[in-house]
Amino acid sequence: EDGQLKNVDRNYFKFAYDQSYSPTPMPIVTATFYNFDQSRSKRCSDAIPDTGADLSCLPLADCHQIDLFRFPYYSGISYAFGGGVRQTTFYGGKVEIDGNIYSAIIEPVLEPERLIGRDVLNQCKVTFDGPMGITSFEED
């Protein structure tokens, strides 16, 4: 379901890479993004676990849908890929991956991609197996 592979080992949750992404396959996972108090959420089957992203990012429309803007976390500088810099406000939220809920700092963005950044990934044991085309999350 949603790119999730059969859970062969009870301690691992595995997601297939998006093989249609060009120029090379890309890891994607199914994740649910929540506002800070977990009163609103959005399940996404196309979230990108991005070790290059400091924080998690959601498109503005998703942020409105989950009522994220009620929970400002802090204002700061965002350093975009390619050298762009901008002043922004970051928001407290949560990200759920296969029943495990992680604290997140979410940046609203104009881009359409949903990124799971190191703010969440550093709380997980994640394996990117490029040759097999699988991203695995290990439960503790």
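## Aromatic and nonpolar residues in a predicted model

Isoleucine 77 is part of strand 5, which covers residues 72-79, and the structure described here is a predicted model. With a relative accessibility of 38%, isoleucine 77 counts as partly exposed. Together with Tyr79 and Val85, Ile77 forms a nonpolar patch on the surface, and the three have about 330 Å² of accessible area together.

Aromatic rings also pair with one another, and a search of the whole structure finds 4 such pairs. Among them is the pair of phenylalanine 36 and phenylalanine 71, which is tilted because the ring planes stand at 40°, with the centres 5.9 Å apart. Phenylalanine 36 lies in the loop between strand 2 (29-35) and strand 3 (41-49), while phenylalanine 71 lies in the loop between helix 1 (60-65) and strand 5, so this pair ties together parts that are 35 residues apart in sequence. Another pair joins phenylalanine 69 and tyrosine 91, whose planes at 90° and centres 5.1 Å apart make the pair edge-to-face. Here phenylalanine 69 is in the loop between helix 1 and strand 5, and tyrosine 91 is in strand 6 (residues 85-97), so the parts tied together are 22 residues apart in sequence.

The table lists the accessibility of these four ring residues.

| Residue | Relative accessible area | Class |
|---|---|---|
| Phenylalanine 36 | 44% | partly exposed |
| Phenylalanine 71 | 17% | buried |
| Phenylalanine 69 | 29% | partly exposed |
| Tyrosine 91 | 11% | buried |

Phenylalanine 36 has a further neighbour, since lysine 94 lies over the face of its ring, at 5.4 Å from the ring centre.

Definitions and conventions: Residues are numbered from 1 along each chain as its sequence is written. This is a predicted model: local features need pLDDT of at least 70, side-chain atom pairs count only at pLDDT 80 or more; totals for chains, interfaces and linings use all residues. Side-chain values use heavy atoms; hydrogens and water are left out. Patches are made of residues with over 30% relative accessible area and no salt bridge: like charges are joined within 9 Å, nonpolar side chains (Val, Leu, Ile, Met, Phe, Trp, Tyr) within 5 Å. Accessible areas come from the Shrake-Rupley method with a 1.4 Å probe; for residues, only the protein chains shown count as cover. A salt bridge is a side-chain nitrogen of Lys or Arg within 4 Å of a carboxyl oxygen of Asp or Glu. Helices (H or I, at least four residues) and strands (E, at least two) are DSSP runs, numbered from the N terminus. Buried means under 20% relative accessible area, exposed over 50%, partly exposed in between (1.4 Å probe, protein chains only). Rings of Phe, Tyr and Trp (its six-membered ring) pair if their centres lie within 6.5 Å; planes under 30 degrees apart count as stacked, over 60 as edge-to-face and the rest as tilted. A charge sits over a ring if NZ of Lys or CZ of Arg is within 6 Å of the ring centre and within 35 degrees of the ring normal.
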